[in-house]
Amino acid sequence: MGTSRHRTLPHARRFAMLSAATITGLTLALGTVSAPAQAQSLVPQSEDEAKSMIEDRQAEDSDSLNRSNVPESVSVEDAKAAVDKSDEISTADVEYAAALEDLPDSGVPEDFYQTPDQLPEENGGVVKQTPSKFYVDPIKLIEHNAKSTTYMYKTTDEKGTARAATATLLTPEGAEGDAKDAVVISPGTQGIADKCAPSRQMAMGTEYEGISVTSALAAKRPVLVVDYVGLGTEGAHSYLNRVEEGRSVLDAAKAVQNVEGSTINEDTKLQLRGYSQGGHATTAALELADDWAPDLSLASASAGAVPTDLYKTVSGLSSMQTGLLLYGVSSFADQADVDLTEFLNQEGLDRVESASNQCTIEAVLSNAFLDTSTLTKDGSSFQDLVQEKFMDVADKQRLGDAEIPDIPVLVNHSRLDDVVPFELGKELASKWCDAGHKVAFEGNLGPTHIGGYIASLPRVELSTNRTFDGKAPVDSCWRL
């Protein structure tokens, strides 16, 4: 590795390419791409190419780091520590890895996330709030001008236990009076550790959903970003649990009406949106809305790359996404009350524990191409383990068969999605059509899961504006 910033740029590009390839699970990658045309150049053309990139990166270490090639905002010692821990070696990687090391110090006071002894009686009751920040880059050079407020509210988990959850309200600069409309974003996979909560990562500039948040804020309407139950706050985050995801979204939308300084009220028209795990949460919220939050003024929804059938999704995951399987097995075991020591060997137990404390990018990169059959006592794969022990949990998370509010919905999915099968998105749209809903189905050609996300953003914003203006979306039901 050279000592000049110029010579580190190829490594930075390899990192962007590697992220786009490996974080193709129920997640998105941090990146600077802003258009589908750019996404194509960031994606390796084969698994072998992606694997060779990892080997290339692992051949280098932190010895060549010095004051000339470490960003001024990061000490050389901290940079070396971050690089040695994560194998990140370019200047861009140093900036990002060092930011990840600082995640617990997110700008929101750590004690803010502690659940008080008493929670409000009503779901959606506000517990407390605090000013926060939204940086769009990991070295905190660019702070978005929207006013950022993180708040805690009461919700209820699947077992009926009262839980505290958090969310962040972003109000565009200059917004005055009651908001006519607002967007509620359910984020993609963040990880299952508290430090991975979007409200924490937004304050560090490491939240990959920043591209979607920024896109929504450009329309000068408030944006609400949900953390989900157990992300940031006490208690476990039940990964891909439809009930807890849906309730988190709906209760956050109810609570924001009573956040001090919020311009959102009971008459504000809301759009629910999300991609991947966020699409799963958005769809779950729609299915729960009539019973759980009938008073919300829902105007439309956008659900992208929705894993409506978790077993079909898990079955197709390659070893590039082993980190996501580790999340799933850890969370599913908790939900099913299964003792993993009965099925995993020591390396498997260590891998699950390690991933449980890593945010998505780190978990996926550090476990890429790991054969899960080497982690079990009997040599079976994690996909086999899910089928044998966790099908009840997976089946409970199935989406698409329940009633949803009578509002326009957009379903977007890349035909080249290599993680969530395209057929699941088309099937969801078809089911909603059969139920009599106004459905716009947008298939795109974004390369891989991440490419599909980027390619969908312009269409999502167009649909948002049209539905808020009271215009019906193009009906795709005739061709589904």
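These are my notebook entries on the disulfides, some helices and one serine of a predicted model.

**Entry 1, overview.** I began with the whole protein. I counted 17 helices and 9 strands. The protein has 480 residues, and buried residues make up 60% of them. I then looked at contacts between residues with a separation of 6 or more, and 78% of these come from residues 24 or more positions apart.

**Entry 2, disulfides.** How many disulfides does the structure hold? I found 2. With the bonded cysteines numbered in sequence order, I read the pairing as 1-2, 3-4.

**Entry 3, C196 and C359.** I took the pair C196 and C359 and noted an S to S distance of 2.2 Å. The angle about the S-S bond is -100°, and the link is left-handed. Next I looked up where the two cysteines sit. C196 is in the loop between β4 (181-186) and α6 (198-204), while C359 is in the loop between α12 (346-355) and α13 (360-367), so the disulfide ties together parts 163 residues apart in sequence. Are these cysteines buried or exposed? C196 has a relative accessible area of 0%, and C359 has one of 5%. The cut-off for buried is under 20%, so I entered C196 as buried and C359 as buried too.

**Entry 4, C433 and C477.** I then turned to the disulfide that joins C433 to C477, where the S to S distance is 2.0 Å. The torsion about its S-S bond is about -85°, so I logged this disulfide as left-handed. C433 belongs to helix α16 (residues 422-434), and C477 to the segment after α17 (448-468). The two are 44 residues apart, and the pair links distant parts of the chain. I checked burial here as well: C433 and C477 are both buried.

**Entry 5, α11 against α13.** I looked at how helix α11 (residues 322-336) meets α13. Their axes come within 7 Å and cross at roughly 115°. Which residues make the contact? From α11 I listed T322, G323, L324, L326 and Y327. From α13 I listed T360, A363, V364 and N367. Sorted by type, the residues of this contact are 5 nonpolar and 4 polar, with no charged ones.

**Entry 6, helix α8.** I checked the length of α8 (residues 242-255). At 1.5 Å a residue, its 14 residues should span 20 Å, and I found the end C-alpha atoms 20 Å apart, which agrees. The helix is mostly covered, since 13 of the 14 residues are buried. What caps the N-terminal end of α8? I found N241 there, with a side-chain oxygen 3.1 Å from the backbone nitrogen of V243.

**Entry 7, S199.** Last, I looked up S199, which is in helix α6. This is the helix that follows the loop holding C196. S199 is buried, with a relative accessible area of 2%. What does its side chain reach? I noted a polar contact at 2.8 Å with the side chain of Y113. Leaving out residues up to four places away in sequence, S199 touches V108, Y113, T150, T166, T168 and D227. Y113 therefore appears in my entry twice, as a polar partner and in the list of touching residues.

Conventions. Residues are numbered from 1 along each chain as its sequence is written. This is a predicted model: local features need pLDDT of at least 70, side-chain atom pairs count only at pLDDT 80 or more; totals for chains, interfaces and linings use all residues. Side-chain values use heavy atoms; hydrogens and water are left out. A disulfide is a pair of cysteine sulfur atoms within 2.5 Å. Helices (H or I, at least four residues) and strands (E, at least two) are DSSP runs, numbered from the N terminus. Buried means under 20% relative accessible area, exposed over 50%, partly exposed in between (1.4 Å probe, protein chains only). Axes are lines fitted to C-alpha atoms, for helices over the stretch in contact, and angles run from 0 to 180 degrees between N-to-C directions. Contact means heavy atoms within 4.5 Å. Ala, Val, Leu, Ile, Met, Phe, Trp, Tyr, Cys and Pro count as nonpolar, Asp, Glu, Lys and Arg as charged, and the others, Gly among them, as polar. The expected span of a helix is 1.5 Å times one less than its number of residues. A polar contact is a pair of N or O atoms within 3.5 Å; within protein, one must be able to donate a hydrogen and the other to accept it, and residues adjacent in sequence count only if both atoms are side-chain atoms.
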